[in-house]
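Welcome, and please open your viewer. We will go from stop to stop, selecting a few residues each time and looking at what is there.

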Amino acid sequence: MAKVSPRFVCQDCGAVTTRWVGKCESCGAWNSIAEEAAREEVPKGLSGGKGKRIEFVGLEGSSAPLPRMATGIGELDRVCGGGLVPGSCLLVGGDPGIGKSTLLLQAAAGLSAKEAVAYISGEEAVDQVRMRAGRLGHAKARVALATATSLRDILASLDGPEAPRVVVIDSIQTVYADNIESAPGTVSQVRACAAELIRLAKRRGFVLFLVGHVTKDGQIAGPRVLEHMVDTVLYFEGDRGHQFRILRAVKNRFGATDEIGVFEMTDKGLAEVANPSALFLAERRGNVSGSCVFAGMEGTRPMLVEIQALVAPSSLSSPRRAVVGWDTNRLSMVLAVLDARCGLALSGNDVYLNVAGGLRIAEPAADLAVAAALVSSASDVPVAADMVVFGEIGLSGEVRAVAQADTRLKEAAKLGFAQALVPARPRKDKGGAGGGAGSPLAIRSIGHLQDVLELFRRD
Ligand code: TYD
Ligand code: MG
């Protein structure tokens with residue numbers, strides 16, 4: 001028998017190490033490593049017997065592709081690439097409480113008008129789901145509802161000629177396989193359960209929705225360990241303090257990944273937002289000085305955030321510098337450059353900087369947006385409400401190009417913005433065309449921070 005040695009698995013990305021470490025070397029997550037029961041990794045059965053020849057076929061088939069199913073939620077259909085493909089598996093990830101169950105219950109209700117739909121909850125009791133359905137106005141929808149967590153029971157119930165056409169598993173982290181020692185929610189459990197469910201979905205041709213919670217503390221496995229197994233990965237994002245939610249396709253085998261769906265959380269569930277810019281601009285309370293929208297990137301994902309600055313006269317000998325959501329040192333640098341290179345001295349002022357929505361920005365690309373917010377607040381001239389800003393600031397005051405300018409501009413255009421304040425020179429690296437060529441936005445190129453001061457000069 002193979003020697004069983006302990007296995008330490010990152011609950012975020014699934015990387016395996018032989019010892020416990022505080023920070024995952026693969027994905028950089030802190031405190032996400034947990035010990036799991038070791039599995040025998042030796043493939044069985046390869047020693048004896050001969051494989052059978054596989055049949056190759058041409059790319060062009062004779063059977064017509066199955067039509068896509070519409071969920072009745074336009075934003076969701078669009079993010080999925082125009083409806084659901086039969087036999088496909090979709091992973092819906094997001095923070096707890098963001099609205100995943102609400103979205104999928106609404107989708108299930110919409111689909112149940114035409115298809116047989118099963119909703120299996122491992123988190124809520126039947127009555128709770130019914131209550132929610134009632135609130136959403138879907139109490140009469142023909143959705144088959146069950147609470148179950150045993151993989152064996154779920155597979156047995158779904159494997160048959162009368163299998164439903166759409167199955168929702170809420171959430172994959174509550175499902176457990178009794179032949180695996182690890183606790184429910186660990187990487188081994190989540191992976192094994194998802195693999196079995198996906199196999200069944202492909203065989204029976206039903207659409208499988210898996211809900212996956214994103215966790216920061218690493219107690220349960222994040223959806224990232226499943227991303228490679230499923231056809232489509234959707235992330236549901238937003239701040240619980242705000243009512244807007246964004247559904248984003250991170251991976252899609254049946255459509256583009258640059259689509260986003262925007263929803264608003266109301267007391268009757270999630271409402272589609274036809275004009276996202278209206279929602280975002282409404283949050284900004286019109287033309288207020290010191291507020292600026294930064295077109296940022298979170299990993300490969302573009303994200304627009306509002307940066308707010310308040311510059312106020314100070315009575316303190318060493319004025320306050322309070323920063324929420326950004327790097328204090330970076331703020332000091334921008335203030336120093338404004339002072340030394342542009343002659344805007346704020347050393348006698350308190351400076352408050354806030355990234356609205358509770359986000360934390362790490363990108364240097366936010367420099368220009370921060371500077372614009374600061375200058376706007378100091379001069380009391382608002383930044384145009386339909387303008388996005390991005391660019392890195394150098395110590396001599398030059399504005400430097402940043403990566404993925406086109407992606408940022410595309411996202412801004414999609415969210416209804418009309419102008420962009422961007423670095424003058426495009427970045428010369430591959431893919432960083434920048435400069436806004438061909439962009440639907442009106443581009444204002446900035447070469448030096450001094451130009452920003454000109455822009456917000458009070459006439
Ligand atoms: P939920 O779908 O349970 O989140 P998840 O499944 O991602 O954990 O959403 C719960 C939140 O949504 C909760 O804070 C209440 C809010 N909500 C509404 O505001 N209106 C509604 O009609 C519903 C059903 C939920
Ligand atoms: Mg839920």
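Which atom of ligand 1 has a polar side-chain atom of R135 3.4 Å away from it? Select R135 together with ligand 1, and you will find that the partner is an oxygen atom of the ligand. Keep in mind along the way that this is a predicted model.

**Stop 1: around ligand 1**

Stay with ligand 1 and add S101 and T102 to your selection. An N or O atom in the side chain of S101 sits 2.5 Å from an oxygen atom of the ligand. For T102, a polar side-chain atom is 2.6 Å from a ligand oxygen. How much of ligand 1 does the protein bury? On its own the ligand would expose 560 Å², and 75% of that is buried by the protein.

Now widen the view to the shell of 17 residues around ligand 1, where G97, K100, S101, T102 and T266 come nearest. Colour the shell by class and you should see 4 nonpolar, 7 polar and 6 charged residues. To see where shell residues come from, select helix 2 (100–111), helix 3 (126–136) and strand 11 (260–266): each of these supplies at least two.

**Stop 2: two helices side by side**

Next, select residues 151–158, which form helix 4, and residues 187–204, which form helix 5. Two packed helices are described by the angle and the distance between their axes. Here the angle is about 0° and the axes are 11 Å apart. Helix 4 and helix 5 are therefore roughly parallel to each other.

Show the side chains where they touch. Helix 4 brings L151, I154, L155 and L158, while helix 5 brings C193, E196, L197, L200 and R204. By class, the residues of this contact are 7 nonpolar and 2 charged, with no polar ones.

**Stop 3: some backbone details**

Most residues other than glycine have a negative phi, and most peptide bonds are trans. The next selections show exceptions.

- Select D170 and S171: the peptide bond joining them is cis, with omega about 0°. S171 belongs to the loop between strand 7 (166–170) and helix 5.
- Select N31, a non-glycine residue whose phi is positive, near 55°. Its loop runs between strand 2 (16–17) and strand 3 (33–36).
- Select D380, which is not a glycine either but has a positive phi of about 60°. Look for D380 in the loop between helix 8 (367–379) and strand 17 (387–389).

**Stop 4: A70 and its contacts**

For the final stop, select A70, in the loop between strand 3 and helix 1 (74–79). Which residues does A70 contact, leaving aside its neighbours within four places in sequence? They are D77 and L111. Then pick the C-alpha atoms of A70 and C80: these residues are 10 apart along the chain, and the two atoms are separated by 9.9 Å.

Technical notes: Residues numbered from 1 in each chain as written. Chains lettered and ligands numbered in written order. Predicted model: local features only at pLDDT ≥ 70, side-chain atom pairs only at ≥ 80, totals over all residues. Heavy atoms only, no water. Axes fitted to C-alpha atoms, helices over the stretch in contact; angles between N-to-C directions. Helix = DSSP H or I, 4+ residues; strand = E, 2+ residues; numbered from the N terminus. Parallel < 35°, antiparallel > 145°, perpendicular 65-115°, else oblique. Contact = heavy atoms within 4.5 Å. Nonpolar A, V, L, I, M, F, W, Y, C, P; charged D, E, K, R; others polar. Near = heavy atom within 4 Å. Polar contact = N/O pair within 3.5 Å; in protein donor to acceptor, adjacent residues only side chain to side chain. Areas by Shrake-Rupley, 256 points an atom, 1.4 Å probe, with all protein chains shown as cover.
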